[in-house]
Amino acid sequence: MIVLGIETSCDETAAALVRDGHEVLSSIVLSQISKHQPFGGVVPELASRAHVEALPGILEEALSKAGRSWADVDAVAVTRGPGLASSLLIGLTAAKALSLSLKKPLIPVNHLEGHLFSIFLDPNCPPSAGLCPLLVLLVSGGHTFLVRMDEAGRYEVLGQTLDDAAGEALDKGAKLMKLGYPGGPAIEKAAAGGDPNAIPFPRGLIQQRGLAFSFSGLKTSLLYYLKNHPRALDADNLKNVAASYQEAAFQALTERVERALDQYPAKAFACVGGVARNKRLRSMLTNVAASRGLPLLLAPPEYCTDNAAMIAAVAGTKRNICDDPASLDVEPNLTLT
Ligand code: KG4
Ligand code: ZN
């Protein structure tokens, strides 16, 4: 089954063709970063307008890159939530129109489940049945979850953030360091060659039991550090500040992963979401995997950040067809259950 996936939940306009839930025939992602950069974050009104302008061309590009035509599409999948309501609406409206005109089923998808399925887009990833129970750390700009996947579609949220998401902590930290938006890649770049142990930023909640995350203390600690060290952003110092900030955030993540693996035996573990693109985080998790002798699943970097292939992957696997597309609405606050 060839699924056309559409993703417009935030500031990426994306379309993809995926066969049978894992074989990517094409994946097109248009980032709007340059439109939002002057504002230091995503402006919803600008994002939805940009989706309207870009989506038709992105859909055509997804088909032509895959060497397919509209007649080859067996189903249309779209992100229903969570995300910005006005952005989600553009993708959903387009998907409804396509499903109606092509006379093909419409499959609504939870964006967070899309991130979980991004690991299956790696051609070397074994089928999900052999990996479950699978522990997944989902770290994006809006969410930070530790999830146990018992099978595709059956999840238990073991822990989540009490305040900022991991990506949000990086984005806000980068703003304080005047590194621009999006913050995760900017901090990764600035941290190159820096000493990750130069400044002892707090590892949120690390003393407490449980699997919750907290990043607001880290951000506040950076704010005070910068106030008290006026030369902290000089080139020689900045790399140490960036490396130490990133390290504190990632140690908070890996410590929770270790704790979850202690509490809930898993056959494998995975890390997904935009922050999973980070090379330092990938290497820290690789060390955890090696010390425990457990397989670690990481999506190819291009499928960590928002994309439509992961949306088509969920749809092609679960085939959860909507029987009343006309009354389907966006769900900006959708979560994982
Ligand atoms: O999954 P994603 O593309 O969108 C959401 O669903 O939120 O994640 C975006 C987040 C942003 O906070 C961005 O700063 C972070 O992922 N990110 C990174 C890297 N690339 C993107 N964080 C750390 N290192 C990166 N290389
Ligand atoms: Zn996302």
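**Buried, bonded, paired: how do we know?**

Trainee: What makes Cys 271 count as buried?
Mentor: Its relative accessibility in this predicted model is 1%. The word buried is used under 20%, so Cys 271 qualifies.

Trainee: And Cys 10, why is that one called partly exposed?
Mentor: Cys 10 has 23% relative accessibility. Partly exposed covers what lies between the 20% limit for buried and the 50% limit for exposed, so that is where Cys 10 falls.

Trainee: How do you know that Cys 271 has no bond to Cys 304?
Mentor: Check the sulfurs. A disulfide needs them within 2.5 Å, but the sulfur of Cys 271 is 7.4 Å from the one in Cys 304, its closest cysteine sulfur, so that's too far. For Cys 10 the closest cysteine sulfur is also in Cys 304, at 16 Å, again too far for a bond. By this rule the disulfide count is zero.

Trainee: Let's do the metal. Which protein atoms are donors of the zinc ion (ligand 2)?
Mentor: They are NE2 of His 111, NE2 of His 115 and OD of Asp 306, 2.0 to 2.1 Å from the ion. The cut-off for a donor to zinc is 2.8 Å, so these three pass.

Trainee: Why is the arrangement around the zinc ion called tetrahedral?
Mentor: Its four donor atoms subtend angles of 96 to 134°. With four donors, all angles must lie between 85 and 135 degrees, and these do, so the name fits.

Trainee: How are the donor residues of the zinc ion spaced in sequence?
Mentor: The pattern is H-x3-H-x190-D. His 115 sits in helix H4 (residues 111-117), while Asp 306 is in the loop between E10 and helix H10 (309-318); they're 191 residues apart, so the pair links distant parts of the chain. Both His 115 and Asp 306 are buried.

Trainee: On to the sheet. What makes E8 and E10 edge strands?
Mentor: Start with the order of this open five-stranded sheet, E8-E7-E6-E9-E10, in which the pairing is mixed. Strand E8 (154-160) and strand E10 (296-298) each have a single partner strand, so one side of each lacks a neighbour in the sheet. From one strand to the next, the twist averages 25°.

Trainee: How do you know that E6 and E9 pair?
Mentor: Pairing takes at least two bridges. Strand E6 (residues 134-139) and strand E9 (residues 268-272) have five, running in the parallel sense, and Leu 138 stands opposite Val 272 in E9. E7 and E8 also pass, with six bridges in the antiparallel sense. Leu 146 faces Gly 159 of E8 there, and in their hairpin Gly 153 takes a positive phi near 100°.

Trainee: What lies across E6, E7 and E9?
Mentor: That's helix H8 (residues 235-263), which runs at about 160° to E6. Thr 254 belongs to H8.

Trainee: Why is Thr 254 counted as it is, buried or exposed?
Mentor: Its relative accessibility is 9%, so Thr 254 counts as buried. Setting aside neighbours within four places in sequence, its contacts are Leu 281, Met 284, Leu 285 and Val 288.

Trainee: Last one: what makes Gly 210 partly exposed?
Mentor: The value is 29% relative accessibility, so Gly 210 belongs to that class. Gly 210 is in the loop between helix H6 (183-190) and helix H7 (216-228), and touches Arg 256 and Arg 259, not counting residues up to four places away in sequence.

Methods:
Residues numbered from 1 in each chain as written. Chains lettered and ligands numbered in written order. Predicted model: local features only at pLDDT ≥ 70, side-chain atom pairs only at ≥ 80, totals over all residues. Heavy atoms only, no water. Helix = DSSP H or I, 4+ residues; strand = E, 2+ residues; numbered from the N terminus. Axes fitted to C-alpha atoms, helices over the stretch in contact; angles between N-to-C directions. Contact = heavy atoms within 4.5 Å. Donors = N, O, S within 2.8 Å, 3.2 Å for Na, K, Ca; no water. Tetrahedral: all angles 85-135°; square planar, octahedral: opposite > 155°, others 65-115°. Buried < 20%, exposed > 50% of the residue type's maximum accessible area, 1.4 Å probe, protein only.
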